[in-house]
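Dear colleague,

I am passing on to you the structure we spoke about, together with its sequence. Please have a look at it first, and then read on for what was found in it.

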Amino acid sequence: MSQRWLRASLALCLSVAGVGTAVDPAAAPPALAAAVEEAAPVATVTVAPAASGVVRPEQDLRVSVVITNTGTEPLPQGSARLLLGDDRLESSADIGAWLLPRDDASLPGGRALDEEDVPELDRGASTRAVAFTIPVDELEFLDGSPWGARPLWVEYRAGDADTVIGRTSVVWAPSDPAREAAFATAVPMTVPSTETGLIEADDLARYTSAAGLLTRQLDAVEGRPIAIGIDPMILVSIRVLGSAAPESAVDWLARLDAVPNETFPLAYGDTDLAAAAQSGGGVLTPQNFGFALDPALFPAAEPTPETDAPATPAPDATPSASAVPDPAAPTTTASPAPGEPDVPTTEELLAWDYTLEGIAWPADNTVVEGDLDTFAAAEGLTTTILAEGNVRAGSESTQAHGRIGDRSVLVADLLLSTLLRDAAAARTTEEWRSAVAALGAALAAVTTEHDGTPPLSLATLDRSRVSLQARAGETVAALDRLDWVDATSLSALLDRPARGTRLVDRPVDEDRLDAIRRLIVANGEEAEFATVAADPADITAPRRLRALALLSQSWRETPDAWIDQVAEFIDESAELRRSVRLVESSDLNINNELQRLPVSIANDLPVPVTVLVEVRSLSPQLHIEQSRVEIPVEANSAAREFVLPVRPLANGRATILISLSTPVGVPIGGATSLTLNVQADWGTPVAIGLGVLVVGLIAAGLYRTSRRNRRDRIRGIADD
């Protein structure tokens with residue numbers, strides 16, 4: 001069986017090590033779900049060896065088995081038989097093939113160790129526990145067998161029902177291991193989806209309570225060899241509340257600051273990086289949080305201590321390089337005056353002393369060619385954590401630190417990650433012990449399939465089960481106690497030379513991309529419209545956070561609710577862009593020589609705006625004296641009336657077009673037509689007519705006088 005098929009199988013299946021059950025039909029693809037419904041077992045069998053699955057020559061083998069009736073009918077009295085495989089599982093591929101076999105795969109050769117009766121099981125998840133203890137002398141057949149992983153399983157039979165197999169693995173350890181398998185673990189520290197991009201105070205209090213989500217996440221990993229990917233939204237949400245932040249949240253933040261674990265930032269809100277990149281949005285980041293800050297919740301600034309003024313240089317002194325202003329240097333925010341609230345800046349709200357930077361962590365198996373460059377160009381995310389299904393390695397074993405082109409990647413081992421996630425989310429002690437045994441065996445196989453130093457591996461936890469992975473730290477600690485396991489750091493993986501690999505395109509679902517494209521387009525249109533304000537971020541900052549909230553990977557678990565939220569965002573966007581508009585008015589009468597035309601503009605925004613008004617006459621009866629005018633409009637203004645100078649030229653009905661735009665020329669809505677009744681003043685035309693008549697009479701008189709003088713000259717010449 002090829003490793004590639006195994007990897008694909010793991011990606012499709014919900015691996016539960018040691019549990020004789022099939023994939024949940026609701027979670028499986030349609031074709032697979034149909035097969036699952038046909039082959040669904042009548043029971044599940046969890047096989048949990050003691051001592052993390054380590055079998056030593058001087059120790060009895062103890063195994064706990066839990067059998068659960070998952071069918072719709074009672075199960076009669078049956079039996080459970082414990083078996084140990086004859087042959088060693090030589091590689092990770094062998095471990096995976098054993099834990100997730102094909103439907104037509106046969107059981108390996110093995111030795112029956114013991115058999116116990118199982119009482120009848122009522123329907124409705126009724127369970128029975130069976131305990132096996134295999135004395136040392138009954139394990140003598142293992143003497144002389146090589147060190148390594150072996151399959152361990154239980155066959156459960158009850159009446160006419162099909163035999164159910166519960167699988168796990170153990171490690172026969174008659175001696176010290178020849179080498180160690182090193183692996184690092186990365187976990188996301190996130191919260192459920194939000195709609196605003198900030199966590200409400202009540203939710204923060206609940207998440208950081210003694211049994212809250214964030215408290216449990218930190219409990220699970222604190223002080224363990226586990227790298228924590230921190231969602232910056234959590235930090236900002238606590239800090240923006242100032243003195244109103246829940247005490248439990250402030251304490252939790254201080255505790256997080258003190259952990260010795262490696263840390264690195266996730267994208268804000270744990271954005272779905274690959275989806276945003278493939279939708280043309282790049283890597284979106286917050287603009288600022290000023291709209292969420294209440295100055296009254298922050299202490300007054302302390303006076304700056306006085307210092308001696310620096311000596312004034314001589315007039316002819318040459319300034320040093322450090323004294324010459326650098327136009328490319330970032331500007332610093334001026335400190336508040338003493339007594340004024342010390343409101344944190346955006347940089348201060350986001351700041352954290354991370355041990356690792358520049359790491360992108362997109363959703364599993366969602367990256368395509370070009371995404372890595374997008375991550376690096378936008379935010380300097382030069383290393384990307386990829387699921388193994390997103391790469392094609394050059395050898396059977398995947399080296400965690402790889403390179404695709406000139407981009408660094410950390411490849412999460414699919415088998416180890418799947419087993420780690422099962423162990424971390426185990427609901428019972430038996431499930432956890434079974435998964436830990438399988439993990440230990442998988443890492444043992446890593447050591448036996450390599451003659452030299454085994455590759456460093458990476459395992460990651462799942463965002464979709466972040467609230468259920470309370471046993472993560474306990475699992476890693478249990479593995480680290482095994483002789484052949486070295487739980488190492490993420491930085492150690494990065495220090496190891498990268499091995500070249502190739503990206504396998506795994507594009508995000510097109511329906512999801514289409515929805516995100518519409519969201520990003522709407523957000524871009526908002527940014528253009530926001531140039532109506534002196535500081536566009538006053539309008540766009542809260543909307544950018546809302547967009548980031550909807551791009552969060554946490555929404556992947558509730559796609560229907562997410563689609564509704566995206567539709568609501570787009571409706572809100574259209575409403576926002578209608579917040580500055582012309583107020584319709586009835587027909588107007590223009591009856592003076594120079595009339596001021598009244599027009600009203602509404603501004604529903606909480607900030608003042610400036611609009612450029614352009615007026616164009618479509619009729620010869622009216623002339624626009626000033627066609628473009630900049631008009632300031634106050635915040636929350638129902639109707640700001642202004643006037644435009646126009647000149648009537650003739651009687652009749654005239655039509656004009658009025659359009660609005662931002663000061664930089666971005667149109668606001670469409671042009672509005674207005675009909676005017678023009679009654680031109682007759683005084684001007686009459687005066688003009690009389691003037692023309694007088695000029696005509698004078699011209700005629702001059703012409704007649706000239707002709708008469710000419711005739712007189714001609715006659716005089718003739719008489720001579």
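Two strands are taken to pair if DSSP finds at least two bridges between them, and this is the sense in which bridge partners are named below. Please keep in mind throughout that the model is predicted.

With that in hand, Glu-614 is a convenient place to begin, since its partners can be given on two strands. Its bridge partner in strand E26 is Arg-628, while in strand E28 the residue standing opposite Glu-614 is Ser-659. Strand E24 (residues 609-617) runs antiparallel to E26 (residues 628-633), and 6 bridges join these two strands. The pairing of E24 with E28 (residues 652-661) is likewise antiparallel and also extends over 6 bridges.

Elsewhere in the chain there is an open sheet of 5 strands, arranged in the order E2-E8-E7-E4-E5 and with mixed pairing. Its edges are formed by E2 (54-55) and E5 (110-118), each of which pairs on one side only. Within this sheet, E7 (residues 148-158) and E8 (residues 164-172) are antiparallel and share 9 bridges, and Leu-152 has Thr-168 in E8 as its bridge partner. Helix H3 (residues 92-99) packs on the sheet, where it touches E7 and E8, and its direction makes about 155° with that of E8. Helix H12 (residues 429-448) also lies across E7 and E8, but runs at about 50° to E8.

As for packing between helices, H5 (residues 213-221) and H7 (residues 247-258) pack at an angle of about 20°, and their axes are 11 Å apart. Angles under 35 degrees count as roughly parallel, so H5 is roughly parallel to H7. The crossing of these two helices, H5 and H7, is left-handed. On the H5 side the contact involves Leu-214, Thr-215, Leu-218 and Asp-219, which meet Trp-252, Arg-255 and Leu-256 in H7. Sorted by character, the residues of this contact comprise 4 nonpolar, 1 polar and 2 charged.

Finally, a search of the whole structure finds 26 salt bridges. One of them you may wish to look up is between Asp-272 and Arg-512, whose closest N and O atoms are 2.9 Å apart. This pair links distant parts of the chain, 240 residues apart: Asp-272 belongs to the loop between strand E11 (263-265) and helix H8 (273-278), whereas Arg-512 is in helix H15 (residues 510-529).

With best wishes

Methods. Residues are numbered from 1 along each chain as its sequence is written. This is a predicted model: local features need pLDDT of at least 70, side-chain atom pairs count only at pLDDT 80 or more; totals for chains, interfaces and linings use all residues. Side-chain values use heavy atoms; hydrogens and water are left out. Axes are lines fitted to C-alpha atoms, for helices over the stretch in contact, and angles run from 0 to 180 degrees between N-to-C directions. Helices (H or I, at least four residues) and strands (E, at least two) are DSSP runs, numbered from the N terminus. Angles under 35 degrees count as roughly parallel, over 145 as roughly antiparallel, 65 to 115 as roughly perpendicular and the rest as oblique. A crossing is left-handed if the near helix is turned anticlockwise from the far one by less than a right angle, and right-handed if clockwise. Contact means heavy atoms within 4.5 Å. Ala, Val, Leu, Ile, Met, Phe, Trp, Tyr, Cys and Pro count as nonpolar, Asp, Glu, Lys and Arg as charged, and the others, Gly among them, as polar. A salt bridge is a side-chain nitrogen of Lys or Arg within 4 Å of a carboxyl oxygen of Asp or Glu.
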